[in-house]
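Dear colleague,

Please find below the structure that I agreed to pass on to you. My notes on its contents follow directly after it.

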Amino acid sequence: MAAEVYRHAIGTFQSHSYANNVNHKQRLRNNFVRLVNNDSVSNNVLSSRGARYSSCSNRRSVIRSSASQTSVADPVSLSPSRTPTTDTNKKSNEAALILIRHGESLWNEKNLFTGCVDVPLSKKGIDEAIEAGKRISSIPVDVIFTSALIRAQMTAMLAMTQHRRKKVPIIIHNESEQARQWSQVFSEDTKKQSIPVIASWQLNERMYGELQGLNKQETADRYGKEQVHEWRRSYDTPPPNGESLEMCAERAVAYFRDQIEPQLLSGKNVMIAAHGNSLRSIIMYLDKLTSQEVISLELSTGIPMLYIFKEGRFIRRGSPIGPQEAGVYAYTKRLALYRQKLDEMF
Ligand SMILES: O=C(O)[C@H](O)COP(=O)(O)O
């Protein structure tokens, strides 16, 4: 089974340009050896990149001091400082972090630059989201963050239809006092069976400026392949009147640090459904990639990626493979226990 875990870890990352990187493959091999030798997240499998976030605890105050964020949390018990997760019966501060790029959109299908244009999933994207949900169906999720764009929200919702815990994802409406009041839930039991979904523009796709709506191939034919590649993948060159990855990172990573890390610190298991470039910038932060390394980071639509957050570190665990893949749950003892609990319940 151990060999199977490794094979899947490598296989899944082939959709990820890391897989073309020899060092990364070597790291995966090393990780695998560590996984086999000791099934504990305390071994930092990303020793060269494992990030230390000593300032995280300082940032916890940000979420507590934000009145709007606290009230967002209230309808379904999101406050990290008051409500420990019940799903996984946590004793340590380990938490799962699932990242998922939305499934294929109707404009991905047509090969159009999309950016902040709010386009829904294609039929293939719907299938990808459901498939992604199967892959993470036995990983605990206590809170979901999505962008404000429908393709990310559809992906999160469709994925959660497959979750074995069968909790209901509920979009939190906090845009006005009335919206907050009118979406209150008055049953504690029902709240417990719900997962809050927080939608934020900061997780939106990078704004693609005057490329939005243009065909990617036609744009490359017109401006040259190199120029278009620079617009699409460089760290600091923005497309005409759009955001560079660096600009996108400024708001997406700040949001991650201020609003999402405190949830992880409090032991909540988090899923983020977002976009190619907002997630690239977050992964750059989690894995401490350089502005050169991030150029070759490509994310496929609808493939979930799993990190474990423990003792201030983000430990990449590869991508969950499928609902029946035992290896996924061997990543940590806690995930294995959670799965066992689900097996007993359902
Ligand atoms: O906005 C888009 O067009 C895509 O979601 C991401 O496009 P990219 O792969 O060109 O960055």
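In this predicted model, helix α12 (residues 245–265) packs against helix α13 (residues 276–286) at an angle of about 70 degrees, and their axes are 8 Å apart. Angles from 65 to 115 degrees count as roughly perpendicular, so α12 is roughly perpendicular to α13. The crossing of the two helices is right-handed. On the α12 side, the residues that meet α13 are L245, C248, A249, A252, V253 and F256. Their partners in α13 are N277, S278, R280, S281, I282, M284 and Y285. By class, this contact has nine nonpolar, three polar and one charged residues.

Turning to the interior, the largest nonpolar core has 59 residues, of which L97, I98, I144, V270, M271 and I272 touch the most other members. Helix α12 contributes the largest share of this core, with eight residues. Another core, of eight residues, lies apart from it and includes L112, L211, V228 and W231. Leaving aside residues up to four places away in sequence, V270 touches A95, L97, V143, F145, I260, Q263 and L264.

One further residue may be of interest. K166 is located in the loop between α7 (150–160) and β3 (168–171). Is K166 buried, exposed or partly exposed? K166 is partly exposed, because 13 other C-beta atoms lie within 10 Å, whereas a buried residue would have 20 or more and an exposed one 12 or fewer. K166 and S137 are 29 residues apart in sequence, and their C-alpha atoms are 9.3 Å apart in space.

With kind regards

Methods. Residues are numbered from 1 along each chain as its sequence is written. This is a predicted model: local features need pLDDT of at least 70, side-chain atom pairs count only at pLDDT 80 or more; totals for chains, interfaces and linings use all residues. Helices (H or I, at least four residues) and strands (E, at least two) are DSSP runs, numbered from the N terminus. A nonpolar core is a set of buried Ala, Val, Leu, Ile, Met, Phe, Trp, Tyr and Cys residues joined through C-beta atoms within 7 Å. Two residues are in contact if their C-beta atoms, placed from the backbone, lie within 7 Å. Axes are lines fitted to C-alpha atoms, for helices over the stretch in contact, and angles run from 0 to 180 degrees between N-to-C directions. Angles under 35 degrees count as roughly parallel, over 145 as roughly antiparallel, 65 to 115 as roughly perpendicular and the rest as oblique. A crossing is left-handed if the near helix is turned anticlockwise from the far one by less than a right angle, and right-handed if clockwise. Ala, Val, Leu, Ile, Met, Phe, Trp, Tyr, Cys and Pro count as nonpolar, Asp, Glu, Lys and Arg as charged, and the others, Gly among them, as polar.
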